[in-house]
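Please open the model in your viewer and keep the sequence panel beside it, since the tour below moves from one selection to the next.

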Amino acid sequence: MPFPKPHIESFENPIRIQVAELHLEKSGILARAQRVKAPKATLNDVRSVHSNYLVDTVELMSDIGMGQLGESSYASPDLLRTALLAVGGALKGSDMVTSQETEHAFVLMRPPGHHATSSNPMGLCYFNNVAISVRHALKQKNVNKVSIVDFDNHHGNGTSEIFYSDPNVQLISIHEYDYENYGLGHYSETGHGKAAGTNINIPLIETSSDSSYDEAFKRIIVPALERFNPDILFVSAGYDAHYADPVGNMDVDSRTFWKFGSNIRKIVNSLNTMGSVWVLEGGYNAFVLGPSIEASLLGLLGNSTPAFDDQIEREIHAPIIDANKEIIDKVLETIMPLW
Ligand SMILES: [Zn+2]
């Protein structure tokens, strides 16, 4: 949204990326990576996932340069170009991994994509960057099965809708869930027809801590990935579950983001998976986003847990840890018979 009078939801803005990139540069981690500029995707790439109506509306509203496209998704003058660059970055990351030019790619782009359904922009998302690049990866000769791990604070509803009946795509989404009001992202959404068992939701309670994420990883995410044995792994990497995030209400710090990197490295090495493509989703505290991404990258590179300033002692909510244990049990009870 245009400054200096931004919309209330303009926490998804270019500063996020600029500050994160500055941190990654200063930390020295970019020196260990190959930096590649995102090419612009085409409208045809986008149409592989999205309806003509959605694509035409984003184009039209970008020309108008203002207005609302859907729930919490607003137009700005540069919307179409920016959204196509984000898709292009994800496609490039996918190509670099499927051609085995690199083992892991991280796509530091915005706007995010995991809320965009086949026909609706919503939740700051216009084109579903991950879904479009997953479809693209599935066209490559060496890719038959793809897994997506979505650890953004919010449920990846768009990605879930797009692949709900696709048995070749496994989606594992771990997110905050509101058990008072309910909504999409419940563990009983398991996939349709031949895809039953490939849509796995881990709906944790607000203020969940690192230990609940750890348990979900060990008991659900690792066995689910081993069972599915994907050719390539995509990660919807949202960092808004951090305790200092202004939008999410979870209670994790950089150690959990390191663990996602470290565990995904181990999974890729132990299975026949060629590599992983990480695509940025949320994460709205610009000062926390950089170190959180750095922690993931250090895990992915095989480094031990970094000691970062955000790793402070916080109150332990035992009832929430116990309730999450029960939720994890229920996810397994629901999903295991379908495997
Ligand atoms: Zn989010």
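The tour goes from the whole chain to the sheet, then to one strand within it, and ends in the nonpolar core.

This is a predicted model, in which local features need pLDDT of at least 70 and side-chain atom pairs count only at pLDDT 80 or more, while totals for chains, interfaces and linings use all residues. Residues are numbered from 1 along each chain as its sequence is written.

**Whole chain.** Display the protein chain as a cartoon, and its secondary structure comes to ten helices and eight strands (DSSP runs numbered from the N terminus, helices being H or I of at least four residues and strands E of at least two). The radius of gyration, taken over C-alpha atoms, is 19 Å, close to the 20 Å that the globule rule (2.2 Å times the number of residues to the power 0.38) gives for 339 residues, so the chain is as compact as a globular protein of that length. Along its principal axes the C-alpha trace spans about 50 × 45 × 45 Å.

**The sheet.** Next select the six strands that form an open, parallel sheet in the order 3-8-7-4-5-6, where pairing requires that DSSP finds at least two bridges between two strands. Strand 3 (104–107) and strand 6 (199–205) stand at the edges with a single partner strand each, so one side of each is left without a neighbour in the sheet.

**Strand 4.** Now select residues 146–150, which make up strand 4; five of its five residues are buried (20 or more other C-beta atoms within 10 Å of a residue's own, against 12 or fewer for exposed and partly exposed in between, with C-beta atoms placed from the backbone). Val146, Ile148 and Asp150 lie on one side and Ser147 and Val149 on the other, and all are buried. Strand 4 pairs in the parallel sense with strand 5 (residues 169–177) over five bridges, and Val149 has Ile172 as its bridge partner there. Five bridges also join strand 4 to strand 7 (residues 232–237), again running parallel; in strand 7, Phe234 is the bridge partner of Ile148.

**The core.** Finally, colour the largest nonpolar core (buried Ala, Val, Leu, Ile, Met, Phe, Trp, Tyr and Cys residues joined through C-beta atoms within 7 Å), where, of 87 residues, Ala83, Val87, Val107, Phe234 and Val279 touch the most other members. Its largest share, nine residues, comes from helix 4 (residues 79–98). Centre the view on Ala83, which, leaving aside its neighbours within four places in sequence, is in contact (C-beta atoms, placed from the backbone, within 7 Å) with Val58, Pro111, Tyr126 and Phe127.

Methods. Two residues are in contact if their C-beta atoms, placed from the backbone, lie within 7 Å.
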